[in-house]
Amino acid sequence: MSPALYLVRHAQSANNAQSEQNRVPDPPITPIGETQAQRLGDALERLKPSRLIVSPFLRSIQTALPTAHRTGLRPYIHREIYEQGGCYRGHAVGDRHPMPGMNRSELQTLCPDWEIDDRIGLVGWNELKYYEDIEQARLRAVQVARWLVESKWSTGERIAMIIHADFKLRMLEALLDRDDLENHFGEVVNTSITKVTRSGSRWRLDFWNAHQHLEDELITT
């Protein structure tokens, strides 16, 4: 059986729910987001992932908690699957300043039983010295896609990766070898699931932005 990859956007964060000028570098999820995360846990439990890989942002970790509980998986916090732009303060173009994000000790306190990327140290996971632009995010997505291919996964692995809206598009561009997806897909729903399957040397898109696990009042972008 070919490996399958589920790309999942995090639940609604406090930044999603307010204007840009009030956003903070690493927000938690909202009460709506907490319910979305519970529904996602139900959906992923049915899909039976064998691995759970999570962005180091707080909103992604909080989104993954119900899934980790339901599936019994030990999540892996991967340093390189953060949102396009990185962790930063400031909302105006040209006035966005990198922030370190949570460090290893903070992550261990938040989720003591999880596996944490060895590259995350005592300063924080974000080592960017600038706001990452789209082309730099595309290069990072290519590196993550290469890591997925080169990792020694068992036959039939089902990998759930909890990431972010823009980086989800960058990952699809890298996996499907396209650079125009921004114009083909609509807004990414919080906790929506996109599935791609590797067949031979190529990845195939099976479905996009699935969110049937959410009631209408829980659908947010």
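Which residues in α5 are buried? In this predicted model, they are Ala 165, Phe 167, Lys 168, Leu 169, Arg 170, Met 171, Leu 172, Glu 173, Leu 175 and Leu 176. Because 10 of the 12 residues of α5 are buried, the helix is largely enclosed by the rest of the structure. The points below cover this helix and then the nonpolar cores.

**Helix α5**

- Helix α5 runs over residues 165-176 and has 12 residues.
- From its first C-alpha to its last, α5 reaches 17 Å, close to the 16 Å expected at 1.5 Å a residue.
- The buried residues of α5 pack against one helix, α4 (134-150).
- They also pack against the strands β1 (4-9), β7 (158-163), β8 (193-199) and β9 (202-210).
- Asp 177, just after α5, takes a positive phi of about 60°.

**Largest nonpolar core**

- The largest nonpolar core has 27 residues, and the members that touch the most others are Leu 52, Ile 61, Ile 77, Leu 107, Trp 114 and Ile 193.
- At least two residues of this core come from each of β1, α1 (31-47), β2 (51-54), α2 (58-71) and β7.
- The element that gives the most to this core is α2, with four residues.

**Contacts of Ile 61**

- Leaving aside residues up to four places away in sequence, Ile 61 touches Val 54, Ser 55, Pro 56, Ile 77, Met 102, Leu 107, Leu 110, Cys 111 and Trp 114.

**Second core**

- A second core, separate from the largest one, has 20 residues.
- Among them are Leu 7, Tyr 76, Ala 145 and Leu 181.

Terms used:
Residues are numbered from 1 along each chain as its sequence is written. This is a predicted model: local features need pLDDT of at least 70, side-chain atom pairs count only at pLDDT 80 or more; totals for chains, interfaces and linings use all residues. Side-chain values use heavy atoms; hydrogens and water are left out. The expected span of a helix is 1.5 Å times one less than its number of residues. Buried means under 20% relative accessible area, exposed over 50%, partly exposed in between (1.4 Å probe, protein chains only). Contact means heavy atoms within 4.5 Å. A nonpolar core is a set of buried Ala, Val, Leu, Ile, Met, Phe, Trp, Tyr and Cys residues joined through side-chain atoms within 4.5 Å.
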